[in-house]
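Student: I would like to learn how to read the sheet and the core of a model. Where should we begin?

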Amino acid sequence: MVEVLKAERVKYSYGEIQALNGVSFSLYEGEILSILGPNGGGKSTLLKIVSGILKNYEGSVKLYGKEVSVCSIKELARIISYIPQEFSPAFDLRCETIVLFGRNPHVTALHSFTKDDYKIIEESMKRADALEFRDRLFNTLSGGERQRVVIAKAIAQKGKIMLLDEFTTHLDPGHSQKLIELVKNMMKLEGITAINVAHDINQAINMSDRIAFLKDGKILAVGKAEEILTETLIEKVYDAKSTIIENPLTKKPLVVFY
Ligand SMILES: Nc1ncnc2c1ncn2[C@@H]1O[C@H](COP(=O)(O)OP(=O)(O)OP(=O)(O)O)[C@@H](O)[C@H]1O
């Protein structure tokens, strides 16, 4: 198994607030690792460190063996595609232009976008089922339609690692299901690896190879859902009562809160 990312004893604080307090885990090529946990547990902070937004962390975070804090933003953007919960550009931009942003990390100082870039954009929009929005203004689309465009941008970026930050939060069950399928298929076809930050535990169990629970800046458990999930763990993480049954369709654990 190729280790794509290795985090060791990562600590991060915002002034007095210790957001991460000794986080260690590995991410292996081709897997989806979902990170779950209560509000304020440190999930977004972890994604910001992995994507190079927060650099002054303690410990070590290596991507393909290289420390993230010394990678340039452009270098990271060639490896990492980030799909946020919401993307709201400050200006009125056409959807094609948004997807074109995905090609920025591949453009050199000497020449701008090429014919190939435009071909990649068209293919990416087709795959994300977003081609029909090509000439529409991004801000006029619905939440689900926008996410398809943002996913097209991530496809066009051709990063080997995808960071998904609660990317289905504002979507209805139909759109949410379609987008998860799209991301999973894309990952299989392109051999992409993903970290998926989520609150919907059952959705995370169904779409992931492994799950991790982050609380108070520490990982409480990480592994295959069927191996680590217990009612006691759920209570420790969320302070909530649950019962865990077998999902009749997927045969994976299904957490029922009560
Ligand atoms: N810019 C900031 N300045 C100060 N404190 C921050 C900042 N961003 C996050 N924090 C604090 O760091 C801790 C971890 O926050 P983080 O956003 O990483 O949690 P999270 O697990 O993503 O939460 P949620 O599930 O609510 O999105 C929280 O206590 C939060 O208040």
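Tutor: Begin with pairing: two strands pair if DSSP finds at least two bridges between them. Strands (E, at least two residues) and helices (H or I, at least four) are DSSP runs, numbered from the N terminus. Here Leu33 stands opposite Ile195 in E8. Strand E3 (residues 32–36) and strand E8 (residues 193–197) pair in the parallel sense over four bridges.

Student: What should I know about the source?

Tutor: This is a predicted model, in which local features need pLDDT of at least 70 and side-chain atom pairs count only at pLDDT 80 or more, while totals for chains, interfaces and linings use all residues. Residues are numbered from 1 along each chain as its sequence is written, and side-chain values use heavy atoms, leaving out hydrogens and water.

Student: What is the strand order of the six-stranded open sheet?

Tutor: The order is E6-E7-E8-E3-E9-E10, with mixed pairing. Strand E6 (80–83) and strand E10 (218–223) are the edges, each pairing on one side only.

Student: How do I read a nonpolar core?

Tutor: Nonpolar side chains tend to be buried together in soluble globular proteins. A core is a set of buried Ala, Val, Leu, Ile, Met, Phe, Trp, Tyr and Cys residues joined through side-chain atoms within 4.5 Å; buried means under 20% relative accessible area (1.4 Å probe, protein chains only). The largest one here has 35 residues, and Val149 is among the six that touch the most other members. Helix H5 (143–157) is one of the contributors, and H5 gives the largest share, seven residues.

Notes. Buried < 20%, exposed > 50% of the residue type's maximum accessible area, 1.4 Å probe, protein only.
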